[in-house]
Amino acid sequence: MNPSQPVIAKCEILLTVNGEAKKVLAHPMERLLDVLRNDLKLTGTKEGCGEGECGSCSVLLDGMLVNSCLVPAAQASGAQIVTIEGMSAHALMAPLQEAFLECGGAQCGICTPGMILAAVHLLEKKAEPAIADIREGLAGNLCRCTGYMQIFEAVAKAARRRLTK
Amino acid sequence: MRADPAEYKLVSPGNLHAVLSLMAGKPAQWLPIAGGTDLMVLYSAGKLPNRKLINIWNIPELRKIEVFPDSIRIGAACTYTSLRSHEIISREFPLLATAASWTGGIANQNRGTLGGNIANASPAADSLPALLVYDAELTLISVRGERRVAYRNFHAGYKQTALAVDELIRDISMPRRFSGYFSHARKVGARNAQAISKVCLAALGRIANGAMRDVRLALGSVAPVPFRLNETEHILTGKQIVPALIETVKKSVAQEISPIDDIRSTARYRAAVAGNLVAEFLEKLSAERANA
């Protein structure tokens, strides 16, 4: 650290993560991504680019899909955060998991948590998405393995399966 | 080098008055941060010179969209998502709603704000050409009071704005008089989402008695600031759309813009595409009239 710069004190940040109240001590400009991974040990949220381009660090903040690398910790104070770990109880999780498996929607896995959260965010707003909706809903999430078609197919399949259940 | 969060302050006064009071205090230089989609990128790369940030994401006064009989007023911290989903904006200001849908992906649209796009002053900002053609006006506010500035006078040069150090953009207002116009928006980038424009166009116009009236053309990414093609608009006004006019217009567009070579494109490509986009607008306007 540059010794000429003043050190800003950490502050107490209260937030709800995956339904549990949490209290963390963090610098206000620390990235929410780092708070989740380092302080709360929720390493399901991945860091890809660190500049809001790839979507690997997607989480839901008060129900909105966001890139957690672009959210300062202080802005998450009082917020409801859902990470991929919190999705296990979600009604969409089983159909999405099955469809990703069947369609080959996951390979190396770095983009997968973000893809799932983007898919959930989309399907919560639109239960019967057209392929164009799926493409748009996932456009902020990059995948360097699959070529995307398998992922789009998986989301479409999960949506259909959920409706017919 | 990566930023060290221990070197940066971020305070959350929680209401507009407290934000402005802090910004007015000495020493000045508090940097407002809303959704962080631009600032956090600079910060993470260790390229944010300001060490004192002030949170305006949670200020309710900046998040309202108010509709009046003659105008619409958009709080500066309204997100692209809120613009896209607003009924009046989608219907009467489609160029702005479309530009909002181009910006980043859904996650960045949930956080990025119109005021942030303006204050960040990028010549490649997608929403700014739309504000130019819709005659947008900004309200700038500080403890000294408020003042209104036409958006076309806000960007003085590359990354330069009319904002004083203690001022904040409070809202963006636009007159509700363009709903009868034909509009055309087009972005050319490496891909649809998450890509900054090589060139983008916002165009408005109408036809009366076979001739073009009140043609409004604005381009992004082809000059130090997003700008209106005043000369080209002048050439088009009162004319019929005929093939010979298209070539004249392309030449005029090329003369008005000052594109550069950079990581996203070349000056030559941008000049060719800018002319083509305006030509495309004229073709669509002409077809629209034929169908009407």
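Analyst: Domain bounds are those given by an automatic or database domain assignment. In this predicted model, chain A is divided into domain 1 (11–86) and domain 2 (90–164).

User: How far apart do the C-alpha centres of domain 1 and domain 2 of chain A lie?

Analyst: The separation of these centres in chain A is 22 Å. Across the boundary, 13 residues of domain 1 of chain A are in contact with 11 residues of domain 2 of chain A.

User: Which strand gives the most to the side of domain 1 of chain A that touches domain 2 of chain A?

Analyst: Strand E3 (residues 58–61) of chain A does, with three residues. By class, that side of domain 1 of chain A has six nonpolar, six polar and one charged residues.

User: Turning to chain B, how should a sheet be read, and what is the order of the strands in the open sheet of five?

Analyst: In general, the strands of a sheet are paired by backbone hydrogen bonds, in either a parallel or an antiparallel manner. In chain B the order is E4-E5-E10-E6-E7, with antiparallel pairing. Strand E4 (65–67) and strand E7 (145–150) of chain B each have a single partner strand, so one side of each lacks a neighbour in the sheet. From one strand to the next, the twist averages 20 degrees.

User: How many bridges join E6 and E7 of chain B, and which helix packs on the sheet?

Analyst: Strand E6 (residues 137–142) of chain B pairs with E7(B) over six bridges, in the antiparallel sense. Ser142(B) has Gly145(B), in E7(B), as its bridge partner. Helix H1 (residues 16–24) of chain B packs on the sheet, where it touches E6 and strand E10 (168–175) of chain B. The direction of H1 makes about 70 degrees with that of E6(B).

How values were computed
Residues numbered from 1 in each chain as written. Chains lettered and ligands numbered in written order. Predicted model: local features only at pLDDT ≥ 70, side-chain atom pairs only at ≥ 80, totals over all residues. Pairing = 2+ DSSP bridges. Helix = DSSP H or I, 4+ residues; strand = E, 2+ residues; numbered from the N terminus. Axes fitted to C-alpha atoms, helices over the stretch in contact; angles between N-to-C directions. Contact = placed C-beta atoms within 7 Å. Nonpolar A, V, L, I, M, F, W, Y, C, P; charged D, E, K, R; others polar.
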